[in-house]
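Visitor: Hi, could you walk me through this one? I'm new to reading structures.
Guide: Of course, ask away once it is on the screen.

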Amino acid sequence: GFHLYHKLPSIVPESCLLILVGLLLGGIIFGAEEKSPPVMNSDVFFLYLLPPIVLDAGYFMPTRLFFENFGTIFWYAVVGTLWNAIGIGISLYGICQISAFGLTDITLLQNLLFGSLISAVDPVAVLAVFENIHVNEQLYILVFGESLLNDAITVVLYNLFKSFCQMRTIKVIDIFAGIANFFIVGIGGVLIGILLGFVAAFTTRFTHKIRVIEPLFVFLYSYLSYITAEMFHLSGIMAITACAMTMNKYVEENVSQKSYTTIKYFMKMLSSVSETLIFIFMGVSTVGKNHEWNWAFVSFTLLFCLIWRALGVFVLTQIINVFRTIPLTFKDQFIIAYGGLRGAICFSLVFLLPPAVFPRKKLFITAVIVVIFFTVFIQGITIRPLVEFLDVKRSNKKQPAVSEEIYNRFFDHVKTGIEDVCGHWGHNFWRDKFKKFDNKYLRRLLIRENQPKSSIVSLYKKLEIKHAIEMAESGMISKVPSSVSLSDYHEGKIKPLSPTEMENMREILTKNLYQIRHRTMSYNRHSLAADASEKQAKEILIRRRHSLRESLRKTNSLSRERP
(Lines give C-alpha, C1' and ligand atoms only; values in the text may rest on other atoms or scores of the structure.)
Protein backbone atom coordinates (compact mmCIF):
# COMPACT_ATOMS: atom_id res chain seq x y z
CA GLY A 1 0.00 0.00 0.00
CA PHE A 2 2.91 2.34 0.71
CA HIS A 3 4.19 2.06 -2.88
CA LEU A 4 0.75 1.90 -4.51
CA TYR A 5 -0.32 5.24 -3.09
CA HIS A 6 2.14 7.50 -4.89
CA LYS A 7 1.70 10.57 -2.65
CA LEU A 8 2.60 8.81 0.61
CA PRO A 9 6.33 8.17 -0.17
CA SER A 10 6.74 11.87 -0.97
CA ILE A 11 5.48 12.81 2.51
CA VAL A 12 6.70 10.10 4.88
CA PRO A 13 9.78 7.87 4.30
CA GLU A 14 9.21 4.15 4.37
CA SER A 15 11.56 3.76 7.34
CA CYS A 16 9.26 5.89 9.50
CA LEU A 17 6.26 3.66 8.80
CA LEU A 18 8.27 0.52 9.48
CA ILE A 19 9.41 1.87 12.84
CA LEU A 20 5.79 2.74 13.68
CA VAL A 21 4.77 -0.83 12.82
CA GLY A 22 7.54 -2.09 15.10
CA LEU A 23 6.39 0.20 17.92
CA LEU A 24 2.84 -1.12 17.53
CA LEU A 25 4.01 -4.74 17.62
CA GLY A 26 6.25 -4.03 20.60
CA GLY A 27 3.36 -2.40 22.46
CA ILE A 28 1.09 -5.37 21.79
CA ILE A 29 3.75 -7.84 23.01
CA PHE A 30 4.51 -5.74 26.08
CA GLY A 31 0.81 -5.35 26.94
CA ALA A 32 -0.04 -9.01 26.43
CA GLU A 33 2.90 -10.58 28.27
CA GLU A 34 3.65 -7.68 30.64
CA LYS A 35 7.37 -7.97 29.94
CA SER A 36 9.82 -6.38 27.59
CA PRO A 37 9.66 -7.53 23.93
CA PRO A 38 12.67 -9.35 22.52
CA VAL A 39 15.56 -7.04 21.71
CA MET A 40 17.27 -7.25 18.31
CA ASN A 41 20.36 -9.38 18.75
CA SER A 42 23.45 -7.47 17.64
CA ASP A 43 25.08 -10.63 16.30
CA VAL A 44 22.03 -11.29 14.13
CA PHE A 45 22.19 -7.72 12.84
CA PHE A 46 25.89 -7.67 11.97
CA LEU A 47 26.06 -11.24 10.59
CA TYR A 48 22.76 -11.60 8.71
CA LEU A 49 20.87 -8.32 8.26
CA LEU A 50 23.59 -5.78 7.49
CA PRO A 51 25.66 -7.70 4.82
CA PRO A 52 22.83 -7.91 2.21
CA ILE A 53 22.22 -4.14 2.43
CA VAL A 54 25.91 -3.25 2.10
CA LEU A 55 26.34 -5.81 -0.72
CA ASP A 56 23.42 -4.32 -2.64
CA ALA A 57 24.69 -0.79 -2.09
CA GLY A 58 28.25 -1.59 -3.17
CA TYR A 59 27.25 -3.69 -6.19
CA PHE A 60 24.98 -1.02 -7.69
CA MET A 61 27.07 1.96 -6.64
CA PRO A 62 27.95 4.42 -9.46
CA THR A 63 31.66 3.65 -9.46
CA ARG A 64 32.72 6.58 -11.63
CA LEU A 65 31.02 9.15 -9.42
CA PHE A 66 32.33 7.41 -6.31
CA PHE A 67 35.98 7.49 -7.40
CA GLU A 68 35.74 11.01 -8.82
CA ASN A 69 34.59 12.21 -5.39
CA PHE A 70 36.60 9.70 -3.36
CA GLY A 71 38.82 12.36 -1.80
CA THR A 72 35.83 14.30 -0.49
CA ILE A 73 34.05 11.13 0.67
CA PHE A 74 37.17 9.91 2.48
CA TRP A 75 37.66 13.36 4.03
CA TYR A 76 34.11 13.42 5.38
CA ALA A 77 34.12 9.78 6.49
CA VAL A 78 37.46 9.70 8.35
CA VAL A 79 38.12 13.27 9.53
CA GLY A 80 34.41 14.03 9.91
CA THR A 81 33.80 10.94 12.05
CA LEU A 82 36.77 11.76 14.29
CA TRP A 83 35.53 15.35 14.54
CA ASN A 84 32.02 14.30 15.57
CA ALA A 85 33.10 11.53 17.95
CA ILE A 86 35.65 13.61 19.84
CA GLY A 87 33.53 16.76 19.79
CA ILE A 88 30.38 15.05 21.07
CA GLY A 89 32.32 13.03 23.66
CA ILE A 90 34.19 16.00 25.15
CA SER A 91 31.05 18.20 25.13
CA LEU A 92 29.01 15.55 26.95
CA TYR A 93 31.84 15.07 29.45
CA GLY A 94 31.64 18.77 30.23
CA ILE A 95 27.90 18.43 30.83
CA CYS A 96 28.50 15.41 33.07
CA GLN A 97 30.75 17.49 35.33
CA ILE A 98 27.73 19.55 36.46
CA SER A 99 26.67 17.80 39.65
CA ALA A 100 23.08 19.06 39.40
CA PHE A 101 22.45 16.75 36.44
CA GLY A 102 23.48 13.61 38.34
CA LEU A 103 25.91 12.39 35.66
CA THR A 104 29.25 12.67 37.45
CA ASP A 105 29.81 8.90 37.38
CA ILE A 106 30.20 8.88 33.57
CA THR A 107 33.91 9.08 32.69
CA LEU A 108 35.63 10.76 29.75
CA LEU A 109 36.36 7.47 27.97
CA GLN A 110 32.73 6.39 28.31
CA ASN A 111 31.62 9.69 26.80
CA LEU A 112 34.12 9.29 23.95
CA LEU A 113 32.84 5.76 23.34
CA PHE A 114 29.27 7.04 23.27
CA GLY A 115 30.32 9.87 20.93
CA SER A 116 31.91 7.36 18.54
CA LEU A 117 28.80 5.20 18.23
CA ILE A 118 26.33 8.11 18.03
CA SER A 119 28.31 9.74 15.20
CA ALA A 120 27.62 6.83 12.81
CA VAL A 121 25.65 8.03 9.77
CA ASP A 122 23.62 4.96 8.87
CA PRO A 123 23.49 3.93 5.16
CA VAL A 124 20.18 2.11 5.70
CA ALA A 125 18.47 5.28 6.91
CA VAL A 126 20.20 7.44 4.28
CA LEU A 127 19.10 5.13 1.44
CA ALA A 128 15.55 4.99 2.77
CA VAL A 129 15.26 8.80 2.69
CA PHE A 130 17.55 10.03 -0.10
CA GLU A 131 16.19 7.67 -2.75
CA ASN A 132 12.84 9.48 -2.55
CA ILE A 133 14.03 13.09 -2.85
CA HIS A 134 16.09 12.61 -6.07
CA VAL A 135 18.91 15.06 -5.37
CA ASN A 136 21.69 15.42 -7.94
CA GLU A 137 24.10 12.51 -8.36
CA GLN A 138 27.11 14.30 -6.87
CA LEU A 139 25.31 15.27 -3.66
CA TYR A 140 23.82 11.80 -3.38
CA ILE A 141 27.12 9.97 -3.77
CA LEU A 142 28.77 12.23 -1.18
CA VAL A 143 26.19 11.48 1.51
CA PHE A 144 25.80 7.83 0.57
CA GLY A 145 29.55 7.18 0.23
CA GLU A 146 30.25 8.93 3.51
CA SER A 147 27.62 6.84 5.33
CA LEU A 148 29.06 3.64 3.85
CA LEU A 149 32.67 4.34 4.87
CA ASN A 150 31.58 6.06 8.06
CA ASP A 151 30.25 2.78 9.46
CA ALA A 152 33.62 1.08 9.17
CA ILE A 153 35.37 4.02 10.88
CA THR A 154 32.74 4.08 13.62
CA VAL A 155 33.12 0.36 14.40
CA VAL A 156 36.91 0.77 14.63
CA LEU A 157 36.59 3.76 16.99
CA TYR A 158 33.96 1.92 19.00
CA ASN A 159 36.19 -1.12 19.55
CA LEU A 160 39.19 1.13 20.31
CA PHE A 161 37.44 3.16 23.03
CA LYS A 162 35.73 0.03 24.36
CA SER A 163 39.10 -1.65 24.89
CA PHE A 164 40.42 1.54 26.52
CA CYS A 165 37.47 1.56 28.94
CA GLN A 166 38.27 -2.01 29.99
CA MET A 167 41.94 -1.18 30.69
CA ARG A 168 43.01 -0.12 34.14
CA THR A 169 45.91 1.98 32.88
CA ILE A 170 46.43 3.35 29.37
CA LYS A 171 50.01 3.79 28.17
CA VAL A 172 51.29 5.90 25.31
CA ILE A 173 52.07 2.80 23.28
CA ASP A 174 48.43 1.75 23.56
CA ILE A 175 47.33 5.02 21.95
CA PHE A 176 49.75 4.61 19.04
CA ALA A 177 48.70 0.97 18.65
CA GLY A 178 45.06 2.11 18.49
CA ILE A 179 45.88 4.68 15.78
CA ALA A 180 47.77 2.05 13.75
CA ASN A 181 44.90 -0.40 14.22
CA PHE A 182 42.54 2.31 12.93
CA PHE A 183 44.21 2.20 9.49
CA ILE A 184 45.04 -1.52 9.45
CA VAL A 185 41.42 -2.51 10.00
CA GLY A 186 40.11 -0.39 7.12
CA ILE A 187 42.88 -1.11 4.60
CA GLY A 188 42.93 -4.82 5.48
CA GLY A 189 39.20 -5.11 4.90
CA VAL A 190 39.51 -3.46 1.49
CA LEU A 191 42.36 -5.79 0.44
CA ILE A 192 40.41 -8.89 1.48
CA GLY A 193 37.35 -7.68 -0.45
CA ILE A 194 39.35 -6.97 -3.62
CA LEU A 195 41.18 -10.32 -3.39
CA LEU A 196 37.99 -12.36 -3.07
CA GLY A 197 36.38 -10.26 -5.82
CA PHE A 198 39.24 -11.28 -8.11
CA VAL A 199 38.80 -14.92 -7.04
CA ALA A 200 35.09 -14.71 -7.85
CA ALA A 201 35.84 -13.28 -11.30
CA PHE A 202 38.46 -15.95 -11.98
CA THR A 203 36.04 -18.69 -10.87
CA THR A 204 33.18 -17.49 -13.07
CA ARG A 205 35.58 -17.51 -16.02
CA PHE A 206 35.12 -21.31 -16.17
CA THR A 207 31.36 -21.58 -15.50
CA HIS A 208 30.15 -21.27 -19.10
CA LYS A 209 28.97 -24.91 -19.04
CA ILE A 210 27.29 -24.73 -15.60
CA ARG A 211 25.45 -21.42 -15.65
CA VAL A 212 23.09 -22.39 -12.84
CA ILE A 213 25.75 -21.93 -10.13
CA GLU A 214 26.96 -18.50 -11.29
CA PRO A 215 24.65 -16.47 -8.98
CA LEU A 216 25.74 -18.70 -6.10
CA PHE A 217 29.38 -17.66 -6.50
CA VAL A 218 28.50 -13.97 -6.32
CA PHE A 219 26.72 -14.29 -2.97
CA LEU A 220 29.17 -16.90 -1.67
CA TYR A 221 32.33 -14.87 -2.22
CA SER A 222 30.77 -11.58 -1.07
CA TYR A 223 29.61 -13.08 2.24
CA LEU A 224 32.91 -14.95 2.54
CA SER A 225 34.77 -11.63 2.32
CA TYR A 226 32.63 -10.21 5.14
CA ILE A 227 33.09 -13.27 7.39
CA THR A 228 36.84 -13.49 6.66
CA ALA A 229 37.40 -9.82 7.52
CA GLU A 230 35.43 -10.14 10.76
CA MET A 231 37.36 -13.32 11.63
CA PHE A 232 40.65 -11.41 11.42
CA HIS A 233 39.10 -8.43 13.29
CA LEU A 234 39.13 -6.27 10.18
CA SER A 235 36.33 -4.16 8.72
CA GLY A 236 33.71 -6.47 7.24
CA ILE A 237 31.75 -3.53 5.81
CA MET A 238 34.76 -2.31 3.85
CA ALA A 239 35.50 -5.88 2.70
CA ILE A 240 32.04 -6.64 1.32
CA THR A 241 31.82 -3.18 -0.30
CA ALA A 242 35.18 -3.62 -2.08
CA CYS A 243 34.24 -7.18 -3.09
CA ALA A 244 30.89 -6.04 -4.52
CA MET A 245 32.47 -3.23 -6.56
CA THR A 246 35.13 -5.60 -7.90
CA MET A 247 32.59 -8.26 -8.87
CA ASN A 248 30.40 -5.69 -10.59
CA LYS A 249 33.31 -4.80 -12.88
CA TYR A 250 34.58 -8.27 -13.78
CA VAL A 251 32.05 -10.98 -12.85
CA GLU A 252 29.27 -9.29 -14.80
CA GLU A 253 31.11 -9.92 -18.08
CA ASN A 254 31.58 -13.63 -17.37
CA VAL A 255 28.09 -14.63 -16.26
CA SER A 256 25.18 -15.16 -18.61
CA GLN A 257 22.33 -12.70 -19.02
CA LYS A 258 19.92 -14.92 -17.07
CA SER A 259 22.40 -15.28 -14.22
CA TYR A 260 22.94 -11.52 -14.12
CA THR A 261 19.18 -10.91 -13.94
CA THR A 262 18.89 -13.46 -11.14
CA ILE A 263 21.71 -11.75 -9.23
CA LYS A 264 20.09 -8.33 -9.53
CA TYR A 265 16.61 -9.32 -8.42
CA PHE A 266 17.74 -11.65 -5.64
CA MET A 267 20.11 -9.00 -4.29
CA LYS A 268 17.31 -6.41 -4.29
CA MET A 269 14.99 -8.82 -2.53
CA LEU A 270 17.51 -9.64 0.21
CA SER A 271 18.32 -5.98 0.87
CA SER A 272 14.65 -4.97 1.01
CA VAL A 273 13.84 -7.79 3.43
CA SER A 274 16.82 -6.92 5.64
CA GLU A 275 15.93 -3.23 5.66
CA THR A 276 12.31 -4.00 6.62
CA LEU A 277 13.34 -6.33 9.45
CA ILE A 278 15.88 -3.84 10.80
CA PHE A 279 13.41 -0.96 11.14
CA ILE A 280 10.64 -3.19 12.52
CA PHE A 281 13.01 -4.71 15.10
CA MET A 282 14.17 -1.22 15.99
CA GLY A 283 10.60 -0.24 16.79
CA VAL A 284 9.92 -3.47 18.70
CA SER A 285 13.12 -3.15 20.78
CA THR A 286 12.22 0.41 21.76
CA VAL A 287 9.25 -0.69 23.87
CA GLY A 288 10.33 -2.12 27.22
CA LYS A 289 11.91 -1.44 30.58
CA ASN A 290 15.51 -1.09 29.42
CA HIS A 291 15.45 2.73 29.58
CA GLU A 292 16.75 5.41 31.92
CA TRP A 293 15.61 8.97 31.35
CA ASN A 294 17.73 12.02 32.07
CA TRP A 295 16.58 15.26 30.50
CA ALA A 296 20.01 16.87 30.52
CA PHE A 297 21.93 13.98 28.96
CA VAL A 298 19.32 13.18 26.30
CA SER A 299 18.67 16.81 25.31
CA PHE A 300 22.33 17.79 25.13
CA THR A 301 23.16 14.61 23.19
CA LEU A 302 20.66 15.56 20.52
CA LEU A 303 21.84 19.18 20.51
CA PHE A 304 25.54 18.30 20.27
CA CYS A 305 24.86 15.79 17.46
CA LEU A 306 23.25 18.52 15.36
CA ILE A 307 25.84 21.21 16.21
CA TRP A 308 28.97 19.14 15.68
CA ARG A 309 27.59 17.61 12.49
CA ALA A 310 26.85 21.04 11.02
CA LEU A 311 30.18 22.54 12.16
CA GLY A 312 32.09 19.54 10.84
CA VAL A 313 30.51 19.73 7.39
CA PHE A 314 30.96 23.49 7.03
CA VAL A 315 34.56 23.57 8.33
CA LEU A 316 35.74 20.49 6.42
CA THR A 317 34.06 21.69 3.21
CA GLN A 318 35.94 24.99 3.33
CA ILE A 319 39.18 23.00 3.33
CA ILE A 320 38.22 20.43 0.68
CA ASN A 321 36.75 23.08 -1.66
CA VAL A 322 40.29 24.37 -2.23
CA PHE A 323 41.17 21.09 -3.96
CA ARG A 324 37.87 20.50 -5.78
CA THR A 325 37.32 21.53 -9.40
CA ILE A 326 33.62 22.14 -8.71
CA PRO A 327 33.27 23.47 -5.14
CA LEU A 328 30.32 22.52 -2.98
CA THR A 329 27.82 25.33 -2.52
CA PHE A 330 26.23 26.40 0.76
CA LYS A 331 23.02 24.60 -0.21
CA ASP A 332 24.91 21.37 -0.82
CA GLN A 333 26.68 21.70 2.53
CA PHE A 334 23.37 22.26 4.32
CA ILE A 335 21.80 19.13 2.77
CA ILE A 336 24.91 17.06 3.62
CA ALA A 337 24.77 18.25 7.23
CA TYR A 338 21.00 17.78 7.44
CA GLY A 339 21.22 14.31 5.86
CA GLY A 340 23.31 12.87 8.68
CA LEU A 341 20.68 10.34 9.74
CA ARG A 342 21.33 7.85 12.52
CA GLY A 343 19.97 4.33 12.38
CA ALA A 344 20.55 0.68 13.10
CA ILE A 345 24.36 0.83 13.35
CA CYS A 346 24.48 2.94 16.52
CA PHE A 347 21.33 1.18 17.79
CA SER A 348 23.08 -2.20 17.62
CA LEU A 349 26.40 -0.95 18.96
CA VAL A 350 24.84 0.52 22.09
CA PHE A 351 23.22 -2.84 22.92
CA LEU A 352 26.66 -4.48 22.69
CA LEU A 353 27.99 -2.45 25.63
CA PRO A 354 28.80 -4.70 28.63
CA PRO A 355 26.70 -3.61 31.63
CA ALA A 356 29.55 -4.39 34.06
CA VAL A 357 31.80 -1.79 32.42
CA PHE A 358 29.01 0.70 31.63
CA PRO A 359 26.58 0.94 34.56
CA ARG A 360 24.62 3.72 32.78
CA LYS A 361 24.00 1.59 29.69
CA LYS A 362 20.23 2.13 29.85
CA LEU A 363 20.77 5.89 29.71
CA PHE A 364 22.92 5.48 26.59
CA ILE A 365 20.20 3.32 24.99
CA THR A 366 17.54 5.94 25.68
CA ALA A 367 19.68 8.75 24.24
CA VAL A 368 20.46 6.74 21.09
CA ILE A 369 16.77 5.95 20.49
CA VAL A 370 15.81 9.63 20.87
CA VAL A 371 18.51 10.70 18.37
CA ILE A 372 17.49 7.99 15.88
CA PHE A 373 13.80 8.88 16.08
CA PHE A 374 14.52 12.59 15.73
CA THR A 375 16.78 12.18 12.67
CA VAL A 376 14.60 9.58 10.93
CA PHE A 377 11.21 11.18 11.62
CA ILE A 378 11.88 14.93 11.86
CA GLN A 379 14.84 15.29 9.48
CA GLY A 380 13.68 12.48 7.19
CA ILE A 381 10.22 14.00 6.73
CA THR A 382 11.36 17.63 6.40
CA ILE A 383 14.34 17.09 4.08
CA ARG A 384 12.20 16.96 0.92
CA PRO A 385 10.47 20.33 1.61
CA LEU A 386 13.88 21.85 2.41
CA VAL A 387 15.34 20.56 -0.86
CA GLU A 388 12.43 22.09 -2.75
CA PHE A 389 12.59 25.35 -0.77
CA LEU A 390 16.34 25.77 -1.29
CA ASP A 391 15.95 24.78 -4.95
CA VAL A 392 18.75 22.22 -4.74
CA LYS A 393 19.73 20.79 -8.10
CA ARG A 394 17.88 17.52 -8.77
CA SER A 395 19.05 14.48 -10.68
CA ASN A 396 18.61 14.60 -14.43
CA LYS A 397 16.25 11.77 -15.40
CA LYS A 398 16.51 12.56 -19.12
CA GLN A 399 18.97 10.47 -21.05
CA PRO A 400 21.91 12.58 -22.30
CA ALA A 401 22.30 13.11 -26.01
CA VAL A 402 24.84 11.16 -28.04
CA SER A 403 26.89 14.29 -28.73
CA GLU A 404 27.01 15.06 -25.00
CA GLU A 405 28.41 11.63 -24.21
CA ILE A 406 30.96 11.87 -27.02
CA TYR A 407 32.19 15.23 -25.73
CA ASN A 408 32.36 13.88 -22.15
CA ARG A 409 34.63 11.06 -23.29
CA PHE A 410 36.65 13.44 -25.41
CA PHE A 411 37.23 15.79 -22.47
CA ASP A 412 38.24 12.86 -20.27
CA HIS A 413 41.07 12.07 -22.67
CA VAL A 414 41.97 15.76 -23.03
CA LYS A 415 42.18 16.27 -19.25
CA THR A 416 44.30 13.14 -18.93
CA GLY A 417 46.67 14.43 -21.59
CA ILE A 418 46.89 17.87 -19.99
CA GLU A 419 47.69 16.33 -16.60
CA ASP A 420 50.35 14.15 -18.21
CA VAL A 421 51.96 17.11 -19.99
CA CYS A 422 51.89 19.29 -16.86
CA GLY A 423 53.27 16.50 -14.69
CA HIS A 424 50.24 16.65 -12.39
CA TRP A 425 49.09 13.26 -11.12
CA GLY A 426 45.37 13.86 -10.74
CA HIS A 427 42.52 11.38 -10.76
CA ASN A 428 42.29 11.53 -14.57
CA PHE A 429 45.96 10.50 -14.82
CA TRP A 430 45.55 7.60 -12.40
CA ARG A 431 42.29 6.50 -14.03
CA ASP A 432 44.00 6.32 -17.42
CA LYS A 433 46.95 4.37 -15.97
CA PHE A 434 44.63 1.92 -14.23
CA LYS A 435 42.63 1.43 -17.41
CA LYS A 436 45.80 0.53 -19.31
CA PHE A 437 46.92 -1.86 -16.55
CA ASP A 438 43.42 -3.34 -16.43
CA ASN A 439 43.30 -4.00 -20.17
CA LYS A 440 46.84 -5.38 -20.27
CA TYR A 441 46.78 -7.73 -17.27
CA LEU A 442 43.60 -7.98 -15.18
CA ARG A 443 41.04 -8.44 -17.95
CA ARG A 444 43.18 -11.08 -19.65
CA LEU A 445 43.38 -13.02 -16.40
CA LEU A 446 39.83 -12.55 -15.07
CA ILE A 447 37.63 -12.27 -18.18
CA ARG A 448 36.83 -15.36 -20.24
CA GLU A 449 38.71 -15.70 -23.53
CA ASN A 450 36.84 -15.10 -26.78
CA GLN A 451 34.21 -13.26 -24.80
CA PRO A 452 32.74 -10.33 -26.79
CA LYS A 453 32.72 -7.05 -24.91
CA SER A 454 29.16 -6.48 -26.00
CA SER A 455 26.25 -8.82 -26.62
CA ILE A 456 25.44 -7.06 -29.90
CA VAL A 457 27.26 -9.67 -32.07
CA SER A 458 25.56 -12.72 -30.55
CA LEU A 459 22.23 -10.91 -30.47
CA TYR A 460 22.54 -10.00 -34.16
CA LYS A 461 23.24 -13.65 -35.03
CA LYS A 462 20.11 -14.77 -33.17
CA LEU A 463 17.99 -12.18 -34.96
CA GLU A 464 19.42 -13.20 -38.34
CA ILE A 465 18.60 -16.86 -37.69
CA LYS A 466 15.09 -15.91 -36.58
CA HIS A 467 14.66 -13.77 -39.68
CA ALA A 468 15.84 -16.61 -41.93
CA ILE A 469 13.28 -18.98 -40.37
CA GLU A 470 10.51 -16.41 -40.87
CA MET A 471 11.54 -15.95 -44.51
CA ALA A 472 11.52 -19.71 -45.09
CA GLU A 473 8.06 -20.06 -43.55
CA SER A 474 6.64 -17.16 -45.58
CA GLY A 475 8.03 -18.45 -48.88
CA MET A 476 10.45 -15.56 -49.37
CA ILE A 477 13.48 -17.82 -49.10
CA SER A 478 13.39 -18.52 -52.84
CA LYS A 479 14.10 -14.86 -53.58
CA VAL A 480 17.39 -14.91 -51.73
CA PRO A 481 20.54 -16.88 -52.60
CA SER A 482 20.57 -20.38 -51.11
CA SER A 483 23.48 -22.03 -49.38
CA VAL A 484 24.10 -24.17 -52.51
CA SER A 485 24.34 -21.16 -54.76
CA LEU A 486 26.58 -19.38 -52.28
CA SER A 487 28.96 -22.35 -52.31
CA ASP A 488 29.48 -21.82 -56.03
CA TYR A 489 31.24 -18.51 -55.35
CA HIS A 490 34.99 -18.70 -55.50
CA GLU A 491 36.64 -18.28 -52.15
CA GLY A 492 39.20 -15.97 -53.62
CA LYS A 493 36.59 -13.29 -54.30
CA ILE A 494 35.75 -12.99 -50.63
CA LYS A 495 38.48 -11.62 -48.42
CA PRO A 496 38.10 -12.94 -44.86
CA LEU A 497 38.42 -10.42 -42.06
CA SER A 498 41.38 -10.76 -39.73
CA PRO A 499 40.89 -11.07 -35.95
CA THR A 500 42.29 -7.55 -35.51
CA GLU A 501 39.72 -6.11 -37.90
CA MET A 502 36.93 -7.99 -36.14
CA GLU A 503 38.10 -6.67 -32.79
CA ASN A 504 38.19 -3.13 -34.17
CA MET A 505 34.65 -3.54 -35.48
CA ARG A 506 33.44 -4.70 -32.07
CA GLU A 507 35.21 -1.76 -30.42
CA ILE A 508 33.59 0.74 -32.80
CA LEU A 509 30.14 -0.81 -32.37
CA THR A 510 30.46 -0.94 -28.59
CA LYS A 511 31.77 2.59 -28.12
CA ASN A 512 29.85 4.48 -30.77
CA LEU A 513 26.53 2.67 -31.04
CA TYR A 514 25.29 1.71 -27.58
CA GLN A 515 27.70 2.48 -24.76
CA ILE A 516 27.41 6.23 -25.27
CA ARG A 517 23.64 6.14 -24.95
CA HIS A 518 23.33 5.45 -21.26
CA ARG A 519 25.03 6.43 -18.00
CA THR A 520 24.74 5.07 -14.48
CA MET A 521 21.59 6.42 -12.89
CA SER A 522 21.25 7.22 -9.21
CA TYR A 523 20.78 4.26 -6.90
CA ASN A 524 17.22 3.31 -6.00
CA ARG A 525 16.32 0.67 -3.44
CA HIS A 526 13.00 -0.39 -4.97
CA SER A 527 13.65 -0.13 -8.70
CA LEU A 528 16.21 -1.72 -10.95
CA ALA A 529 17.94 0.05 -13.77
CA ALA A 530 16.74 -1.04 -17.19
CA ASP A 531 18.84 -3.84 -18.58
CA ALA A 532 21.27 -2.73 -21.28
CA SER A 533 20.78 -5.91 -23.33
CA GLU A 534 17.02 -5.43 -23.34
CA LYS A 535 17.47 -1.91 -24.73
CA GLN A 536 19.90 -3.19 -27.34
CA ALA A 537 17.55 -6.01 -28.37
CA LYS A 538 14.62 -3.65 -28.76
CA GLU A 539 16.62 -1.16 -30.79
CA ILE A 540 18.12 -3.78 -33.10
CA LEU A 541 14.72 -5.38 -33.54
CA ILE A 542 13.11 -2.05 -34.41
CA ARG A 543 15.85 -1.27 -36.92
CA ARG A 544 15.63 -4.75 -38.42
CA ARG A 545 11.87 -4.55 -38.86
CA HIS A 546 12.20 -1.12 -40.42
CA SER A 547 14.75 -2.39 -42.92
CA LEU A 548 12.51 -5.37 -43.72
CA ARG A 549 9.56 -3.09 -44.37
CA GLU A 550 11.69 -0.97 -46.69
CA SER A 551 12.95 -4.02 -48.60
CA LEU A 552 9.45 -5.47 -48.93
CA ARG A 553 8.12 -2.12 -50.06
CA LYS A 554 10.81 -1.88 -52.76
CA THR A 555 10.16 -5.48 -53.85
CA ASN A 556 6.43 -4.88 -54.17
CA SER A 557 6.97 -1.64 -56.09
CA LEU A 558 9.34 -3.39 -58.51
CA SER A 559 6.89 -6.28 -59.03
CA ARG A 560 4.10 -3.78 -59.82
CA GLU A 561 6.27 -1.90 -62.31
CA ARG A 562 7.01 -5.09 -64.22
CA PRO A 563 4.46 -5.93 -66.98
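Visitor: What is in the largest nonpolar core, and which residues have the most contacts inside it?
Guide: The largest nonpolar core has 123 residues, and those with the most contacts inside it are Phe 114, Phe 130 and Phe 297. A nonpolar core here is a set of buried Ala, Val, Leu, Ile, Met, Phe, Trp, Tyr and Cys residues joined through side-chain atoms within 4.5 Å, where buried means under 20% relative accessible area, exposed over 50% and partly exposed in between, with a 1.4 Å probe and protein chains only. Please keep in mind that this is a predicted model, in which local features need pLDDT of at least 70 and side-chain atom pairs count only at pLDDT 80 or more, while totals for chains, interfaces and linings use all residues. Residues are numbered from 1 along each chain as its sequence is written, and side-chain values use heavy atoms, with hydrogens and water left out.

Visitor: Which helix gives the largest share of that core?
Guide: That is helix H7, residues 137-166, which supplies 17 residues of the core; helices are DSSP runs of H or I with at least four residues, numbered from the N terminus.

Visitor: And what does Phe 297 touch?
Guide: Leaving aside neighbours within four places in sequence, Phe 297 is in contact (heavy atoms within 4.5 Å) with several residues, including Leu 92, Phe 114 and Leu 363.

Visitor: Back to H7: is Leu 149 buried or exposed?
Guide: Leu 149, which is found in helix H7, is buried, because its relative accessible area is 9%. Beyond its neighbours within four places in sequence, Leu 149 is in contact with Phe 70, Ile 73, Ala 77 and Met 238. The C-alpha atoms of Leu 149 and Met 238 are separated by 7.0 Å, although the two residues are 89 apart along the chain.

Visitor: New topic: at what angle do H12 and H13 pack?
Guide: Helix H12 (residues 295-320) and helix H13 (residues 330-338) pack at about 140°, with their axes 9 Å apart. Axes are lines fitted to C-alpha atoms, for helices over the stretch in contact, and angles run from 0 to 180 degrees between N-to-C directions.

Visitor: What do you call that arrangement?
Guide: H12 and H13 are therefore oblique to each other, since angles under 35 degrees count as roughly parallel, over 145 as roughly antiparallel, 65 to 115 as roughly perpendicular and the rest as oblique.

Visitor: Which residues meet there?
Guide: Among them, Phe 314 and Thr 317 in H12, and Phe 330 and Phe 334 in H13.

How values were computed. Helices (H or I, at least four residues) and strands (E, at least two) are DSSP runs, numbered from the N terminus.
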